[in-house]
Amino acid sequence: MGSLDGVAETVLHRRYLQQDEEGTIVETPDEMFRRVAANLATAEAQFGGDVEPTEERFYEAISNLDFLPNSPTLMNAGTELQQLAACFVLPVEDSIDSIFTAVKQTALIHQSGGGTGFSFSQLRPEGDVVKKTGGVASGPVSFMKIFDAATEQIKQGGRRRGANMGVLDVTHPDVEEFITSKSDDDVLRNFNLSVATDAEFWEAHASGDAYEIVNPRTDATVRQATPDAILDEIAEAAWETGDPGLLFLDTINEHNPTPHLGRIEATNPCGEVPELPYEACILGSINLGQHTDGEEVDWEKLRDTVHLAVRFLDNAIEMSEFPVPEIEEMVTNTRRLGLGVMGFHDMLVDLRIPYVSEGAVEFADELIEFVHEESWAASRQLADEREPFPEWENSIREAPMRNATTTTIAPTGTISLIAGCSASIEPIYNVAYTKHVMGGLDIVNDRFVDMARERGFYSEELVEDLHGWTTIQNVERIPDDVKRLFQTAHDVPADHHLLVQAAFQEHVDNAVSKTVNLPQSASVDDVKEIFLSARDLDLKGITVFRSGSKPEQVLGESPLK
Ligand code: UDP
């Protein structure tokens with residue numbers, strides 16, 4: 001087994017290791033890795049594969065921290081729950097029956113560690129008629145508050161907070177209320193919000209025309225609105241609270257692998273998986289810092305890990321039990337996987353490429369293209385060995401594949417703490433800091449400490465001092481070339497965050513969860529500019545986070561984590 005640091009030990013003890021009925025921890029981290037590997041390897045038997053050698057390979061990869069699956073897999077594989085997916089989208093139709101069915105399904109999913117996304121665009125607007133009772137409708141935002149209250153109460157048995165994504169179409173009559181619904185801190189605390197936009201909206205924006213606001217129940221146009229004015233409102237709310245973000249549904253649906261099954265209208269909570277209603281996705285992330293020799297990328301090892309990870313995740317689909325039969329059926333039909341990466345900044349440090357450089361964007365492109373191509377190759381091999389996903393013949397995939405999608409960039413908020421690596425494709429938060437979760441975690445960047453020792457500027461006092469800063473750029477004791485390698489989230493300009501996001505989005509077939517940080521001094525217009533650039537860069541969605549704009553986030557420090 002690889003070495004777990006103190007932070008990893010704390011996280012595992014608090015949230016992941018199995019407990020008995022009295023709450024006493026009954027497994028070691030090593031036994032946890034063994035439990036997960038053994039459980040997922042048993043799927044091999046169904047396809048005539050070798051269980052034991054596969055278990056060993058899975059165990060090696062996860063216990064060495066080369067690759068980790070999403071939290072629900074680590075928590076639940078080989079246990080009574082056996083629900084392995086992190087990302088769900090549920091349908092919400094315009095009836096009390098459908099709304100409360102979705103509330104119940106949400107509760108079951110949150111209980112097992114998953115997050116849920118919904119489009120509320122089909123719900124009739126506030127003030128509309130309710131024939132059955134002769135009353136008036138209360139509208140999407142009021143129903144979202146019910147989902148929020150349910151989430152608040154479940155809190156996932158204390159192990160993981162529930163998270164939701166609420167989506168509303170920009171043509172919905174209640175869109176303005178939706179946009180400003182989080183300006184009160186106590187409202188919709190367990191929701192991230194996204195306004196869904198389509199080609200028509202952007203065409204109207206480009207030509208300066210108005211667009212139609214439509215009642216989804218009657219399809220009647222209720223009024224006209226100006227795209228630019230709505231964008232101003234969205235930018236202002238996002239400047240103030242971080243919400244809402246935008247979704248680009250036309251771009252998302254251009255890449256929908258199974259359009260015959262329906263149009264995609266929502267994503268999971270952090271935005272990295274656009275899904276059809278009742279789809280679910282099991283994520284896994286390759287720890288890139290484990291795939292260098294300290295100076296260069298070990299492409300052979302990376303290829304092996306990608307192939308193993310695709311097999312692991314496909315087995316996870318086989319082994320996962322879902323709390324709702326409709327989900328079981330959808331997942332079996334599309335077999336969507338979400339393989340991604342974490343430790344991107346660590347890898348850049350090893351390669352001596354500063355995060356804020358053209359070189360980093362070019363390298364991101366080369367790296368993720370490789371991971372993506374290899375993951376497709378692995379999925380094709382599995383289609384040969386097993387069978388293509390059942391909906392393959394009707395899908396847009398030309399060659400048989402085992403999975404409708406293979407790649408995603410997830411935030412890796414917790415699994416990067418277990419792996420001791422930089423999160424996802426994000427710049428580091430700092431070289432040394434205290435993360436205020438789980439009683440306070442002291443995070444110190446190993447690569448920085450090693451380099452400081454080698455270069456002779458290490459001291460305990462320096463590391464202590466650095467805790468008080470969010471950047472090291474003004475610290476005289478640190479040589480300039482080292483400073484350049486350890487640029488933090490605060491040193492990265494917003495347009496560079498976008499370029500990194502776009503480089504990854506270019507190749508992954510799901511989406512990219514990325515925090516586009518803005519300084520506190522950024523203006524509402526800066527936020528709007530980012531939205532417009534995100535559209536120009538063909539992204540699938542965009543969220544911004546202005547320093548200090550939000551007292552408490554849905555998932556920790558940023559809206560995406
Ligand atoms: N998620 C959730 N609750 C949480 C954290 C995450 O429901 O507290 C879900 C959500 O759908 C998110 C996904 O898990 O988009 C992946 O998040 P992340 O990569 O941070 O999860 P990890 O596997 O690191 O715990």
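Q: How many salt bridges does the rule find across the interface of domain 1 and domain 3?
A: This is a predicted model, in which local features need pLDDT of at least 70, side-chain atom pairs count only at pLDDT 80 or more, and totals for chains, interfaces and linings use all residues. Residues are numbered from 1 along each chain as its sequence is written, and side-chain values use heavy atoms, with hydrogens and water left out. A salt bridge is a side-chain nitrogen of Lys or Arg within 4 Å of a carboxyl oxygen of Asp or Glu. Across the interface of domain 1 and domain 3, the number of salt bridges found is two.

Q: Which residue ranges make up domain 1?
A: The bounds come from an automatic or database domain assignment. Domain 2 covers 87-267 and domain 3 covers 428-489. Domain 1 is written as two ranges, 6-80 + 285-415.

Q: How far apart do the C-alpha centres of domain 1 and domain 3 lie, and how many residues does the contact take from each?
A: The C-alpha centres of domain 1 and domain 3 lie 30 Å apart. With contact defined as heavy atoms within 4.5 Å, the residues taken are 16 from domain 1 and 13 from domain 3.

Q: Which three residues supply 37% of the area that domain 1 buries against domain 3?
A: Buried area is the accessible area (1.4 Å probe) that two parts lose on being put together, summed over both. Between domain 1 and domain 3 it is about 1300 Å², and carbon and sulfur atoms give 64% of this. On the domain 1 side, the 37% share, more than any other three residues supply, comes from Val7, His345 and Val349.

Q: How many residue pairs are in polar contact between domain 1 and domain 3?
A: A polar contact is a pair of N or O atoms within 3.5 Å; within protein, one must be able to donate a hydrogen and the other to accept it, and residues adjacent in sequence count only if both atoms are side-chain atoms. With both residues at pLDDT 80 or more, the count between domain 1 and domain 3 is seven.

Q: Which helix gives the most to the side of domain 1 that touches domain 3?
A: Helices (H or I, at least four residues) and strands (E, at least two) are DSSP runs, numbered from the N terminus. Both α13 (344-350) and α1 (6-16) supply at least two residues of that side. The element that gives the most, with five residues, is α1.

Q: What distance separates an oxygen atom of the ligand from a backbone N or O atom of isoleucine 415?
A: A polar backbone atom of cysteine 270 is 3.4 Å from an oxygen atom of the ligand. For an N or O atom in the side chain of glutamate 272, the distance to a ligand oxygen is 2.9 Å. For the backbone atom of isoleucine 415, the distance is 2.9 Å.

Q: Which residue meets aspartate 228 in a salt bridge?
A: A search of the whole structure finds 32 salt bridges. One pair links helix α9 (residues 227-241), which holds aspartate 228, to helix α20 (residues 524-536), 300 residues along the chain. The side chains meet at 3.0 Å, N to O, and the partner of aspartate 228 is lysine 528.
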